[in-house]
Every structure is written in structure tokens, then in C-alpha cells.
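The following paragraphs lead through the architecture of this protein chain, from its strands to its helices and its nonpolar interior. Please keep the structure in view while reading.

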Amino acid sequence: MSRVYNFSAGPAVLPEEVLKEAAAEMLDYNGTGMGVMEMSHRSQAFQDIIDTAEQDIRDLMGIPSNYKVLFLQGGASQQFAMIPMNLKKNGVADYIVTGQWAKKAYQEAGKFLTANKIASSEDKTFSYIPDCSDLPIDDNADYVYICENNTIYGTKYKTLPNTKGKTLVSDVSSCFLSEPIDVSKYGIVYGGVQKNVGPAGLVISVIREDLIPTEPLADVPTMLQFKTHADAGSLYNTPNSYAIYICGKVFKWLKKQGGLEAIKANNEAKAKILYDYLDQSNLFKGTVVKEDRSLMNVPFVTGNKDLDAKFVAEAKAAGLENLKGHRTVGGMRASIYNAMPIEGVKALVEFMKDFEAKN
């Protein structure tokens, strides 16, 4: 069968070019006579793969030399614990809760330090980003934590919070490499790769070196210490080598598209097609305040559960997959990550127009 348009929130669509290259190299990578998933992570061939991947993401994001790039396992959810464990000095951290994942991170941090919820948008089902220009930042806060793009609710910070000099930690899982960012504004910027960058099972964390403890932490498991992985170049134990290899190919693909400036312009063009239609539709409506809309995840509803279910079923039959919204929001959600071609968004809007005309 032919490829569908896959609007899944993650694991999500990957560039077709990357998948074809990986398929061609499945049995023999670069003349080694074996595939990457069979290859020792201690081999020179794999060392070249991880080194190239690191250099390419450094180029793409403009990562300063005093930041480490770590390829870790356990997903973003494991970072919810690793971050407070490694950054705890005063034993206080401030959290801005704008969705499910920020909320989970906040709850997890409470096991290791005093976590303060200093702002939240839960009062309106996380449909907006609160004003973060003058927050009650704790004098003793070791860091301020945000989830920058909220996959489930379709919101995105357009301005970073004023942390009043405190270290900013940001989970960018669902907007990773979707637009240029100034890495120097963050202490840690990290993301699970399975939404916008690669296959599931890998999280990439970009960490300012002064935040990595210089001595091993007596009360933190070895595998949960930033120092362990930084000292070993992400090869302390066997990493998710195949995911690193695919991410490396995606980095090359992003460079070929013109880097993150070009990707952002393309993402804006795609999102505009969908949001413009939603804004004039009589049947469908977006669920997020306009100024906080994500370019990556677009939730929308008809206001009628049966009609929503009918839409999802008919869309699937038309080759538009994974449009069902998260169970906490209902309705529909289209995730239109970097690898979603503009044709996919146009096909979705055409289908929506046709559905609206018939219903």
C-alpha cells in the first residue's frame, strides 16, 4: 500500500528520504558488511556516527562550546527526575505548569526537592500560556522549569519566561529543531526525539557545563548522573545506537533543507493553512488562544463527540492517520512536525472542507 499522511503526536512521521537511506543501509552500513543495529557501540564506525550526529546538531542549533550534548535513554520522563537530582543545590525549584508533561515533571521534582508551582494554565484546560514577565521566582530556586511546546494542548511559549537570573530548564520534545533558538538563554534544553527528530527511545539533552556536578553524587544512581554520561561521551553503557544513527540522518536532512530558519518558514506556512481554515470554519474550531498557538500540534473540535468520532474514522479511511485528540482534550489533533509535507496539510484541509459540507 502507499504511504499515508501520518498526523501522530509521536512516534511520528519521519522524512521519507531518511527512511529510504536507512533501508538501503539496513544490511550493510558504509561497507562494514553489517547494519548499524548489529554494530558494536565501541567500534570506530559507530564512534564516527555519534561524533557526526553531535557536530551536526551543534551546527543546526548553534550550540555554544560550553554546552555538552548528551544522547540519553529513558525518554523525557526520566529527565523529570534526573534534572532535580543533578541540579539540586538549595533544594528548591520553580515550575510553570502549562500541560500534562510540565505537571508530571513538577510532581516528580517534588520527590527530590521543594517544587513550587509559580504559574499554571490548568484553570482553562491548558489552552493558553500564562503571563511569565513577572513571576514569584524563589530567591533560592536552583532553576525554573518549562515545557515549551505542549503536545496535547497545542500551546507554545512565544517569549521565554523572565527567570530573574535563575537557570532556565526547558523540555522541547515536541518543537525540537522546528525553529532556531538561542541556546545560551537556557541552562538545559532537552527533548525526547520521537516527535520531531527520530525514532522512540532516545532523549537529547543540551546542558551548560557548569550545571554538571564536578564530583559524583553520593545519593544519585550512577546511570542518573549527568556527569556519568558527559564524561563518557554518551557511551557509558550501550546507548540507543540505532536511534542516534537515524537522528544523525535527520540532522543531515535538516541541513539540506536550509537549516532551522528555512524549517521554521516551512512550518509557519503549513500551520497557516490549517489555522486559516479553522478560523473561518463553521464546523471545526481550534481550542487554543491565537497568540499561543503551536506550529507543531493543532487541536480542534466540532463540539459534538459523535461527529468527532465520525471525522476521525472517515479521515483514516481517506489515508489521514492518527487524528484522534488526546483523551484529556477529546476532539482531534493534527501533529504537523518537520517531516509532514505541506501536501499532507493541504490534503487534511481539503478533507475537512468536504466533511464540513456534508455534515
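Lysine 68 stands opposite isoleucine 207, a residue of β10. The model in which this is seen is a predicted one. The strands β2 and β10 pair in the antiparallel sense, over 6 bridges. In general, strands of a sheet pair through backbone hydrogen bonds, either parallel or antiparallel. Both strands belong to an open sheet of 7 strands, whose order is β2-β10-β9-β8-β5-β3-β4 and whose pairing is mixed. At its edges are β2 and β4, each of which pairs on one side only. Direction ignored, neighbouring strands of the sheet are turned by 20° against each other on average.

Helix α2 connects this sheet with the helical part of the description. It lies across β2, β9 (188–192) and β10, and runs at about 125° to β2. α2 also packs with α6, at an angle of about 40° and with the two axes 9 Å apart. Because angles from 35 to 65 degrees fall outside the parallel and perpendicular ranges, α2 is oblique to α6. The crossing in which α2 passes α6 is left-handed. Residues of α2 that take part in this meeting include Phe46, Ile49, Ile50, Ala53, Ile57 and Leu60, while those of α6 include Ile244, Tyr245, Gly248, Phe251 and Leu254.

What lies in the interior? The largest nonpolar core has 57 residues, of which Met61, Ile96, Leu177, Ile204 and Phe251 touch the most other members. Two or more residues come from each of α1 (16–24), α2 (44–61), β2 (67–72), β4 (114–120), β5 (144–147), β10 (203–208), α6 (241–256) and α7 (259–280). Among these, α6 gives the most, with 10 residues. As a general tendency, nonpolar side chains in soluble globular proteins are buried together. Leucine 177 shows the contacts of one core member: leaving aside neighbours within four places in sequence, it is in contact with Ile57, Met61, Asn196, Val197, Phe251, Leu254, Leu260, Ile263 and Asn338.

Apart from the largest core lies another, of 28 residues, among them Val298, Ala315, Met340 and Phe351. Two of these residues, Ala315 and Phe351, also appear where α8 and α9 meet. The axes of helix α8 (residues 305–317) and helix α9 (residues 342–358) come within 11 Å and cross at roughly 130°, which makes α8 oblique to α9. Here α8 passes α9 in a right-handed crossing. On the α8 side the meeting involves Leu307, Lys310, Phe311, Glu314 and Ala315, and on the α9 side Leu348, Phe351, Met352 and Phe355.

Methods. Residues are numbered from 1 along each chain as its sequence is written. This is a predicted model: local features need pLDDT of at least 70, side-chain atom pairs count only at pLDDT 80 or more; totals for chains, interfaces and linings use all residues. Side-chain values use heavy atoms; hydrogens and water are left out. A nonpolar core is a set of buried Ala, Val, Leu, Ile, Met, Phe, Trp, Tyr and Cys residues joined through side-chain atoms within 4.5 Å. Buried means under 20% relative accessible area, exposed over 50%, partly exposed in between (1.4 Å probe, protein chains only). Helices (H or I, at least four residues) and strands (E, at least two) are DSSP runs, numbered from the N terminus. Contact means heavy atoms within 4.5 Å. Two strands pair if DSSP finds at least two bridges between them. Axes are lines fitted to C-alpha atoms, for helices over the stretch in contact, and angles run from 0 to 180 degrees between N-to-C directions. Angles under 35 degrees count as roughly parallel, over 145 as roughly antiparallel, 65 to 115 as roughly perpendicular and the rest as oblique. A crossing is left-handed if the near helix is turned anticlockwise from the far one by less than a right angle, and right-handed if clockwise.
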